[in-house]
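Visitor: I'd like to go through this one by asking how each label is earned. Could you show me the structure first?

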Amino acid sequence: MDQKTDDRTLSPGLEGVLAGETAIAKVDGLNGKLTYRGYPIGDLVRHGTYAQVADLLWTGEWAPSADLPCAPLTDGVIKSLRALPPGTNAMDALRGAVSAWGAAERPTWPPTPEQARALTAIAPSSLAAFVRIQRGDEPIDPDPSLPLSAGFLYQLNGKRPDAASARALDAYFIVAAEHGFNASTFTARVITSTQSDLASALCGAIGALKGPLHGGAPSEVVSQLHEIGSPERAEKWINDALDRGDRLMGFGHRVYRAYDPRAAALREVAEGMAGTAEWLKLAVAVEDVALRVLKERHPERPLQTNVEFYTAAVLQGVGLPPAIFPATFALARHAGWTAHCIEQGQANRLIRPDVRYVGPAERALPA
Ligand code: SDX
């Protein structure tokens with residue numbers, strides 16, 4: 001088929017293309033609903049733990065006794081972190097740690113829940129060790145009595161987190177754990193579909209999540225709110241930014257045409273945290289102006305708040321530096337990524353879409 005006779009519809013960015021089926025999460029973009037294996041995200045945040053949710057994503061069943069502590073790092077992973085230059089991006093460090101884990105563990109295809117659990121459990125230990133090494137401190141071994149999110153804060157700060165911070169971060173991990181065929185998850189499925197291993201799939205996923213259009217947004221939300229500084233400055237700052245063609249970080253979504261239910265869940269979490277009142281006051285004021293201005297400028301396209309906007313409030317509230325917000329998102333998303341790799345391996349078909357050739361017609365090489 002050549003360009004002239006090829007009447008197939010092209011969807012840039014695969015927008016609206018049905019690329020597969022999944023039983024893991026339902027992302028209802030029109031109504032702003034999200035369920036994991038049929039359970040609404042709000043119920044999971046209010047009544048569940050990240051360990052239970054990760055197990056649900058991997059196995060499809062709810063196990064009240066599920067637990068998931070951080071795992072200790074092998075020397076190889078620690079060596080990979082110590083070799084990194086000062087100022088290394090935390091996503092590059094995490095990608096390197098996962099690669100070092102894969103080189104040592106050599107996970108075989110197809111991916112399994114055991115591999116998923118092992119990789120999800122070393123990720124927080126890797127990120128915490130990276131941050132400590134970069135600031136000249138020694139890594140701290142995990143405390144097996146702590147759940148993964150609290151264990152991450154312990155390994156990062158050297159002390160057990162207070163109950164409110166532990167609860168807030170666990171809620172964030174649940175909210176960020178899974179979201180259908182987003183760019184990084186689809187990347188992981190493509191790599192798994194070639195019968196490559198789970199570590200390689202997650203290295204690709206981390207690379208995809210690093211981009212500011214995807215997981216890189218929450219730290220940009222912090223910079224934007226710092227630049228705006230006060231509710232009174234929001235209107236002018238937002239209009240100037242949009243006039244420059246800049247994107248407002250934390251708004252818009254390829255699937256959600258309604259308010260992202262995760263943003264609502266995280267706003268509720270942030271409102272229950274100490275020390276976030278001032279920040280939330282600014283965030284809510286900026287959100288109101290942004291939604292109104294975006295609606296005025298794009299009446300044809302509803303641009304709502306997405307998960308990243310209130311992510312900044314929660315992660316700042318538990319004391320994490322904005323530089324590691326994307327990598328913290330990656331820690332949480334390990335559960336969803338690995339669940340999709342397991343699902344891909346269960347009914348695999350090599351993912352290889354078609355493409356329309358629009359280059360030069362066949363021609364002879366110059367003499
Ligand atoms: C995540 O897919 C997932 O599920 C992802 C995620 C997950 O859990 O895995 O939900 C996580 O990635 C959340 C999104 C985080 N990113 C941001 O907050 C960055 C800012 N948002 C955007 O850049 C944008 O909204 C995207 C990338 C999220 C979605 O982009 P689309 O679907 O490709 O939409 P588009 O770029 O075609 O935008 C349509 C129009 C454009 O107008 P034109 O340029 O064609 O005139 O809406 C405008 C855009 O300019 N627009 C925005 C905007 N988002 C879209 N204008 C200003 N600010 C924005 N944030």
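Visitor: Thanks! How do the residues of the lining of the second largest pocket divide into nonpolar, polar and charged?

Guide: There are 10 nonpolar, three polar and four charged residues in that lining. Please keep in mind that this is a predicted model.

Visitor: Which residues lie nearest the centre of the second largest pocket?

Guide: Among its 17 lining residues, Leu14, Val17, Pro353, Asp354 and Val355 lie nearest the centre. The volume of this second largest pocket is about 440 Å³.

Visitor: What makes a residue count as lining a pocket?

Guide: A lining residue has an atom within 4 Å of a point of the pocket. For the largest pocket, 46 residues form the lining, and Asn182, Ala183, His253, Arg254 and Val255 are the closest to its centre. That pocket has a volume of about 1,700 Å³.

Visitor: Which helices and strands supply at least two residues each to that lining?

Guide: They are strand 1 (25–28), helix 8 (183–193), helix 13 (277–297), helix 14 (307–317) and helix 15 (325–346). Strand 1 gives the largest share, four residues. By type, the lining of the largest pocket holds 21 nonpolar, 13 polar and 12 charged residues.

Visitor: Why is threonine 192 called buried?

Guide: Buried means under 20% relative accessible area. Threonine 192 has 0%, so the label applies. This threonine sits in helix 8.

Visitor: What does threonine 192 touch, not counting residues up to four places away in sequence?

Guide: Its partners are Trp109, Pro111, Ala201, Cys341, Gln344, Gly345 and Asn348. Each of these contacts means heavy atoms within 4.5 Å.

Visitor: How do you know whether the radius of gyration of the chain agrees with a compact globule or not?

Guide: We set the value against the rule, which is 2.2 Å times the number of residues to the power 0.38. For 367 residues a compact globule would come out near 21 Å, and the chain has 21 Å, so the two agree. Along the principal axes, the C-alpha atoms fill a box of roughly 70 × 55 × 45 Å.

Visitor: What share of the residues counts as buried?

Guide: Of the 367 residues, 50% do. As for contacts with a separation of 6 or more, 75% of them involve residues 24 or more positions apart.

Visitor: And what does the chain expose?

Guide: About 17,600 Å², with carbon and sulfur atoms supplying 55% of that area. The chain has 15 helices and three strands.

How values were computed: Residues are numbered from 1 along each chain as its sequence is written. This is a predicted model: local features need pLDDT of at least 70, side-chain atom pairs count only at pLDDT 80 or more; totals for chains, interfaces and linings use all residues. Side-chain values use heavy atoms; hydrogens and water are left out. On a 1 Å grid over the protein atoms alone, a cavity is a set of points where a 1.4 Å probe fits but cannot get out, and a pocket is an open set with protein on both sides within 12 Å along at least five of seven lines; lining residues have an atom within 4 Å of a point. Grid points are joined across faces, edges and corners, and a volume is the space filled by probe spheres set on the points. Ala, Val, Leu, Ile, Met, Phe, Trp, Tyr, Cys and Pro count as nonpolar, Asp, Glu, Lys and Arg as charged, and the others, Gly among them, as polar. Buried means under 20% relative accessible area, exposed over 50%, partly exposed in between (1.4 Å probe, protein chains only). Accessible areas come from the Shrake-Rupley method with a 1.4 Å probe; for residues, only the protein chains shown count as cover.
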